[in-house]
Amino acid sequence: MAVMGIDFEFCSVRQGPTVTLGLSIAQVAVGDHVWLFDVSGAPYLLEHTDVDGVPSLAKWLHSPLVLKVAQSAASDCKLLADRRVYMSPLFDTACADAVIRGSPTHDKLDRLVLRYVGDHMVMKGDITPQMHRTLWSVRPLPEFAIVYCWQDVAWLYDLAIALRT
């Protein structure tokens, strides 16, 4: 089975007087490769399984032949379900860690990577919760945001292997 690390960043979306959360950036890791997709600027990547005969992100998210590995994927899954996109099969590293530790709470990704993989993630603390809702609508993304996105998926495969053994 193929394995794909996946994560999404959100941004605030104004629809008249209402502000909601919308998907902004999709981060994908396969092997040693990481891609960032601007799904707010190219929503067709999640709306169609192919674009002019080329498989889109939606195709891989739907595929039963691709294991999707994510960290704390509940919010991602909710916003994707609103678009009729369902990630299956899915391995959530935060849930797996909580089960292993017998804890009702999820740890952050940098703690899991340190605990199970032994690597330190740099720059994860550089983005405050207040920045999260506005940063992901800025184009082009600042360099530290790209590094942050890269780190969100770069260790997911190794982390899933460590959690499953």
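This passage describes the nonpolar cores, a pocket, the cysteines and selected backbone features of a predicted model.

The largest nonpolar core of the predicted structure comprises 20 residues. Within this core, the residues that touch the most other members are I6, F8, L23, L46, L57, L61 and L80. Two or more residues are contributed by each of the strands β1 (2–15), β2 (18–30) and β6 (66–70) and by each of the helices α1 (44–47), α2 (57–62) and α3 (74–81). Strand β1 provides the largest share, namely four residues. In soluble globular proteins, nonpolar side chains tend to be buried together.

The surroundings of L46 illustrate how this core is assembled. When neighbours within four places in sequence are left aside, L46 is in contact with F8, L23, L57, L61 and L80, each of which is also listed among the core residues that touch the most other members. The remaining contacts of L46 under the same exclusion are V39, A58, R83 and V85. Apart from the largest core lies another core, made up of 15 residues, including A29, A96, V113 and V153.

The second largest pocket was examined next. Its volume is about 260 Å³, and 16 residues line it. Closest to the centre of this pocket are F37, P55, S56, L57 and W60. One of these residues, L57, is also named among the members of the largest nonpolar core that touch the most other members. At least two lining residues are supplied by each of β1, β2, β3 (33–38), α1, β5 (54–55) and α2. Strand β1 gives the most to the lining, with three residues. By class, the lining consists of 15 nonpolar residues and one polar residue, with no charged residues.

The cysteines were then considered. A search of the whole structure returned zero disulfides. For C11, the nearest cysteine sulfur is that of C149, at a distance of 12 Å. Because a disulfide requires a pair of cysteine sulfur atoms within 2.5 Å, C11 takes part in none. C11 is buried, with a relative accessible area of 6%. C95 is likewise in no disulfide, and the nearest cysteine sulfur to it, that of C77, is 9.4 Å away. At 35% relative accessibility, C95 is classed as partly exposed.

Residue V30 lies in strand β2 and is partly exposed, with a relative accessible area of 36%. V30 and V3 are 27 residues apart along the chain, yet their C-alpha atoms are separated by 6.7 Å. With neighbours within four places in sequence set aside, V30 is in contact with V3, M4 and W35.

Residue S63 occupies the loop between α2 and β6. At a relative accessibility of 12%, S63 counts as buried. The contacts of S63, neighbours within four places in sequence being excluded, are K68, S88 and P89. Two of these partners, S88 and P89, are joined by a cis peptide bond with omega near -5°. P89 itself is located in the loop between α3 and β7 (90–92). A cis peptide bond also links R139 to P140, with omega about -5°. P140 is placed in the loop between α6 (129–135) and α7 (143–154).

Positive phi values occur at residues other than glycine, among them D52 and R84. For D52, phi is near 55°. D52 is situated in the loop between β4 (50–51) and β5 and is exposed, its relative accessible area being 80%. For R84, phi is about 65°. R84 is found in the loop between α3 and β7, the loop that also contains P89. With 64% relative accessibility, R84 counts as exposed.

Definitions and conventions:
Residues are numbered from 1 along each chain as its sequence is written. This is a predicted model: local features need pLDDT of at least 70, side-chain atom pairs count only at pLDDT 80 or more; totals for chains, interfaces and linings use all residues. Side-chain values use heavy atoms; hydrogens and water are left out. Buried means under 20% relative accessible area, exposed over 50%, partly exposed in between (1.4 Å probe, protein chains only). A nonpolar core is a set of buried Ala, Val, Leu, Ile, Met, Phe, Trp, Tyr and Cys residues joined through side-chain atoms within 4.5 Å. Contact means heavy atoms within 4.5 Å. On a 1 Å grid over the protein atoms alone, a cavity is a set of points where a 1.4 Å probe fits but cannot get out, and a pocket is an open set with protein on both sides within 12 Å along at least five of seven lines; lining residues have an atom within 4 Å of a point. Grid points are joined across faces, edges and corners, and a volume is the space filled by probe spheres set on the points. Ala, Val, Leu, Ile, Met, Phe, Trp, Tyr, Cys and Pro count as nonpolar, Asp, Glu, Lys and Arg as charged, and the others, Gly among them, as polar.
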